[in-house]
Amino acid sequence: MILIFRQDATEEQIQAALRKIESLGYTPHLSRGALKTICGITGDDRAIAESEFDQLPGIETVLRVLKPYKLASREFHPDPTRVEVGGVSIGPGCFAVIAGPCSVETEEQVESSAALAERMGLSLMRGGAFKPRSSPYSFQGLGEQGLEILSAAARRHGLTVVTEIMSEHDVDLAGRYAGVFQLGARNMQNSALLKAIGETRKPVLLKRSMMGTIEELLLSAEYIMKGGNSRVILCERGIRTFETQTRNTLDIAAVPVIKRLSHLPILVDPSHAMGDWHYVASASLAALAAGADGILIEIHPDPSMAKSDGKQSLNYPHFEELMGRLRALAPHLGVEIR
Ligand code: PEP
Ligand code: MN
């Protein structure tokens, strides 16, 4: 961190700032120029907030040199991280397709999705048992019964379950069924849940919130990693903008930006980003081309009857067609669809 003093800062104000730096356990390095005096703070000062200094008399600007997140950053960990789950190594060279219904509704529905995922050569299946719906009157998910349905179908077809948890109280229960915890967009900044997941050693699919910046997403990943769980997979799922033609705006730019800032894998959720199945194939192909490490995609045997997100769910023929297109493109990009 660098403090820049006002031109009219008094010697007493400068000395007070230096004492404050020392009181926080850091070393100040003062440099007096002809016009400006600045002070560098050495050491890993990510634990100090700018607000410690910017209100002190005599301070003009406080500049942060290090990223506010560390464990999630490329600065700290230059090589890309692979998250191994269900026989898939999510990371460079692999494009993981995690398909399944938005919500677990019936045994038959989940069984048919699992059978299709297996037939497509996939290893991971999504499905929600706890649903974070915008309206309290909408279907809220089957809870534990849904987890049982999911895991039974996954077992029959050799798949690993990816499922959302909405509360730290669900960690133990869902942990018995899930291979990967999904932390949804609405909970990206739920620090109690982030900390609880950080204490587990289970992989977590952390979704960007609809109004979260990339830096905030990486700070949420930092919460989980700080607890000791480094198996974090990020997911871009569309952000809110002024555009109304799609449910959200797919921030495809987040993929290369996150790849540069962080070593963690990044997936794209084309279903929630677009909100309409007509656009889901294009967004999936864009994700692959942009260098994402995979997609999280909603499918349903009869989307018109789905209890949630039917409009954005691909029916099975459309999903098979998309898989064919992804498989045709993947070798040109040097990645394998898993
Ligand atoms: C979901 O994956 O079904 C979901 C609720 O996603 P999001 O948290 O991105 O809205
Ligand atoms: Mn959904």
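**Exercise 1. Find the polar contacts of ligand 1 with Arg126, Ala185 and His272, then give its burial.**

Solution.
- Step 1. Start with Arg126: an N or O atom of its side chain sits 2.8 Å from an oxygen atom of ligand 1. A polar contact here is a pair of N or O atoms within 3.5 Å; within protein, one must be able to donate a hydrogen and the other to accept it, and residues adjacent in sequence count only if both atoms are side-chain atoms.
- Step 2. Ala185 uses a backbone N or O atom, 2.8 Å from an oxygen atom of ligand 1.
- Step 3. His272 has a polar side-chain atom 3.2 Å from an oxygen atom of ligand 1.
- Step 4. Taken alone, ligand 1 exposes 290 Å², and the protein buries 97% of that. Accessible areas come from the Shrake-Rupley method with a 1.4 Å probe; for residues, only the protein chains shown count as cover.

The model is predicted: local features need pLDDT of at least 70, side-chain atom pairs count only at pLDDT 80 or more, and totals for chains, interfaces and linings use all residues. Residues are numbered from 1 along each chain as its sequence is written, chains are lettered from A and ligands numbered from 1 in the order in which they are written, and side-chain values use heavy atoms, leaving out hydrogens and water.

**Exercise 2. Which protein donors hold the manganese ion (ligand 2), and where do Cys102 and Glu298 lie?**

Solution.
- Step 1. The protein donors are Cys102 (SG), His272 (NE2), Glu298 (OE) and Asp309 (OD), 2.0 to 2.4 Å from the ion. Donors are N, O and S atoms within 2.8 Å of the metal (3.2 Å for Na, K and Ca); water is not among the atoms, so sites may look incomplete.
- Step 2. Along the chain the spacing reads C-x169-H-x25-E-x10-D.
- Step 3. Cys102 is in the loop between strand 7 (94-100) and helix 2 (107-119), Glu298 in strand 14 (residues 294-298), and they are 196 residues apart. Helices (H or I, at least four residues) and strands (E, at least two) are DSSP runs, numbered from the N terminus.
- Step 4. Cys102 is buried at 4% relative accessible area; Glu298 is buried at 0%. Buried means under 20%, exposed over 50%, partly exposed in between (1.4 Å probe, protein chains only).

**Exercise 3. Describe the surroundings of Ser262.**

Solution.
- Step 1. Ser262 lies in the loop between helix 7 (254-261) and strand 13 (266-268).
- Step 2. Ser262 is buried, with a relative accessible area of 1%.
- Step 3. A polar atom of the Ser262 side chain is 3.1 Å from the backbone nitrogen of Leu264.
- Step 4. Not counting residues up to four places away in sequence, Ser262 touches Ala72, Ser73, Arg74, Leu218 and Leu234. Contact means heavy atoms within 4.5 Å.
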